[in-house]
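User: I'm new to reading protein structures, and I'd like a close look at one part of this one. Could you walk me through it slowly?

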Amino acid sequence: SLPQRVKIVEVGPRDGLQNEKEALSADVKIELVNRLARAGMPNVEAASFVSPKWVPQMATSREVMAGIERLPGTIYSALTPNMQGFEAALAAKADEVVIFGSASEAFSQKNINCSIAESIARFAPVAQAAKASGLRLRGSISTAFGCPYQGEVPLDAVADVVSRMRELGCDEIDIADTIGVATARQTQAVMLRAAQEFPLAQLSGHFHDTYGQALANIYAALEVGVAIFHSSVSGLGGCPYAKGATGNVATEDVLYMLNGLGIETGIDLDQVVDAGQFIAQALGRKGASRAGNALLAK
Ligand code: HMG
Ligand code: MG
C-alpha cells in the first residue's frame, strides 16, 4: 500500500529560479516564497549560498531570507556547499542547510569543482556546525540515475554517497535525477539500494521532468515506500551545470496526483496554482505545469 501522507519539499525558488536567464528581483522571490508557505508547504528551499560567479541568480539569497515571513509550520532551507555558504545561511536564519554532492565524479567536478571525496571532506565541518547550531541538515545527491558527462551511474556509487552523508549526520537525504532520465523500475531499484544505507522514511525523491517520467517515477517510489518528494511550482527550473536539463516536476501536477490517490500533504492545490501563475507572469511566460494550466483554464 502507498504511504498515507507525503511531505513535499518545494524547490522552485531555488532549483527553479537558479536557472533563469532574466534576473528576478528579491521582492518577487520573497512574494513567491511567502505564497508557497501560505499554501501549506512544510518545507521551502528558499536560498542558495553559493558563489555568485557560478550561479548569479542566487546572489539575492541574503535579501530573500531577510524579507520573507516565517510561518511556524514551514522549514526554510538553503544550499550550503562549504563553510562560507554555511556562515551565510546561519546569519540568514535558515532552518535547514543542504550539502549537495553527486554520485558521479564528472558531475561533482562540473558542479562544485571538486571530487566526491573532497566534497565530503568539505561538508564535514558544515555538518558539524549545523548540528552545533541546532539546524536541520539535508544531503542532496545529484546524478543518482544518470550523468550528463559520464552516462551510467552504478547503484553502489549512489549507496556510497548515501552512507557518507549518513555518517555526516544528515536528517534527510535526497536522491536526485538531475537530468530527468530515470524510469520507474530503475527508480525503485535506486531507492531500495539507498534504503539499505539510510532509513527509507528520511529518503526523498528529487525528479527533474526532462523526459516526462517524473510522475511515473514518483508513483514508483511511492510503491516502495518513499514519502518525501521535491517539486517546483509551475515546473520551474533546470540545472546550470547540466545542459538541457529542464525543470523539476511541477508541484501542481504532483499535488493533483496525490490528491487523487487520497494521500495527504496539508497543501492547498489552488493556492499553489495561484503562486504558479504569479511566478509565470513575473517571468513573462506560460507556466509549465499541466495541472496548473488546466485548473486555470477551468
Ligand atoms: P571554487 O571556485 O572551487 O571555490 O568553487 P573556492 O573556495 O576556490 O572560492 C572561489 C571564489 O568563490 C572565492 O571568491 C570565494 O570567496 C567564492 P573570490 O576570492 O574569487 O572573489 N566562494 C563563495 N562565494 C559565496 N558563497 C560561497 C562561496 N564559496 C566560495 N559559499 C563552489 C566552489 C562550491 C563555491 C562553486 O563551485 C559553487 O558555488 N558551485 C555552485 C554550484 C551550484 O550552485 N549548482 C546548482 C545547485 S546544485 C543543483 O541544482 C542540484 C540539485 O537540485 C539536485 C539535482 O537536481 O541534482 C540540488
Ligand atoms: Mg535539481
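Which residue of strand 6 does Ile141 stand opposite? And please build the picture outward from there.

Analyst: Happy to. One thing before we start: this is a predicted model.

Your residue's partner is Ile175, which stands opposite Ile141 in strand 6. Now look at the other partner of Ile141. Over in strand 4, Gly101 has Ile141 as its bridge partner. So far we have two pairs, Gly101 with Ile141 and Ile141 with Ile175.

Now zoom out to whole strands. Strand 5 covers residues 136–142. With strand 4 (residues 96–102), strand 5 pairs in the parallel sense, and seven bridges connect them. Strand 6 (residues 172–177) also runs parallel to strand 5, joined by four bridges. As for cover, six of the seven residues in strand 5 are buried, so "mostly covered" is a fair description under the cut-off of 20 or more other C-beta atoms within 10 Å. Here's a handy rule for any strand you meet: in a regular one, side chains alternate between the two faces of the sheet.

Next, pick up Val158, which is a nice way to see the neighbourhood of your pair. Leaving out residues up to four places away in sequence, Val158 touches both Ile141 and Ile175, along with Ala103, Ala144, Val153, Val190, Arg193 and Ala194. Val158 also belongs to the largest nonpolar core, a set of 92 residues. In that core, Ala78, Val97, Val158 and Ile175 touch the most other members. Notice that Ile175, your residue's partner, is on that list. There is a general tendency behind cores like this: in soluble globular proteins, nonpolar side chains tend to be buried together.

Strand 5 has another role in the picture, and it involves the ligand. Ligand 1 is surrounded by 26 residues, and the closest ones are Val50, Ser51, Gly85, Ser142 and Thr178. Strand 5 supplies at least two residues of that shell, as do helix 4 (83–91) and helix 5 (105–112). If you sort the shell by type, you get 12 nonpolar residues, 13 polar ones and one charged.

Those two helices lead us to a pair of slightly odd loop residues. After helix 4, in the loop before strand 4, sits Lys93. Lys93 isn't a glycine, yet it has a positive phi of about 65°. It counts as partly exposed because it has 13 C-beta neighbours inside 10 Å. Asn113 has a positive phi of about 65° too, again without being a glycine. You'll find Asn113 in the loop between helix 5 and helix 6 (116–132), and with 13 other C-beta atoms within 10 Å, Asn113 is partly exposed.

Let's move along to another stretch of parallel strands. Strand 2 (residues 43–48) has six of its six residues buried. Strand 2 pairs in the parallel sense with strand 1 (residues 7–10) over two bridges, and five bridges join strand 2 to strand 3 (residues 75–79), which also runs parallel to it. Val44 shows both pairings in one spot: Glu10 stands opposite Val44, while Tyr76 in strand 3 is the bridge partner of Val44.

Val44 also gives us a route to helix 3 (residues 61–67), where Val64 has its place. Val44 and Val64 are 20 residues apart in sequence, and their C-alpha atoms are 12 Å apart in space. Val64 is buried, since 27 other C-beta atoms lie within 10 Å. Setting aside residues up to four places away in sequence, Val64 touches Ala26, Lys29, Ile30, Val33, Ala46 and Ala47.

Just ahead of strand 2, in the loop after helix 2 (26–38), comes Ala39. Ala39 is buried, given its 23 C-beta neighbours inside 10 Å. Its contacts, beyond residues up to four places away in sequence, are Ile267, Asp268, Gln271, Val272 and Ala275. Compare that with Val50, 11 residues away along the chain: the C-alpha atoms of Ala39 and Val50 are separated by 28 Å.

Finally, step right back. The protein has 12 helices and eight strands. Its radius of gyration is 17 Å, close to the 19 Å that the globule rule gives for 298 residues, so it is as compact as a globular protein of that length. Across the 298 residues, 55% count as buried. And among contacts with a separation of 6 or more, 73% come from residues 24 or more positions apart.

Definitions and conventions:
Residues numbered from 1 in each chain as written. Chains lettered and ligands numbered in written order. Predicted model: local features only at pLDDT ≥ 70, side-chain atom pairs only at ≥ 80, totals over all residues. Core = buried A, V, L, I, M, F, W, Y, C linked by C-beta atoms within 7 Å. Buried ≥ 20, exposed ≤ 12 C-beta atoms within 10 Å, placed from the backbone. Contact = placed C-beta atoms within 7 Å. Near = placed C-beta within 6 Å. Nonpolar A, V, L, I, M, F, W, Y, C, P; charged D, E, K, R; others polar. Rg over C-alpha atoms; globule rule 2.2 N^0.38 Å. Pairing = 2+ DSSP bridges.
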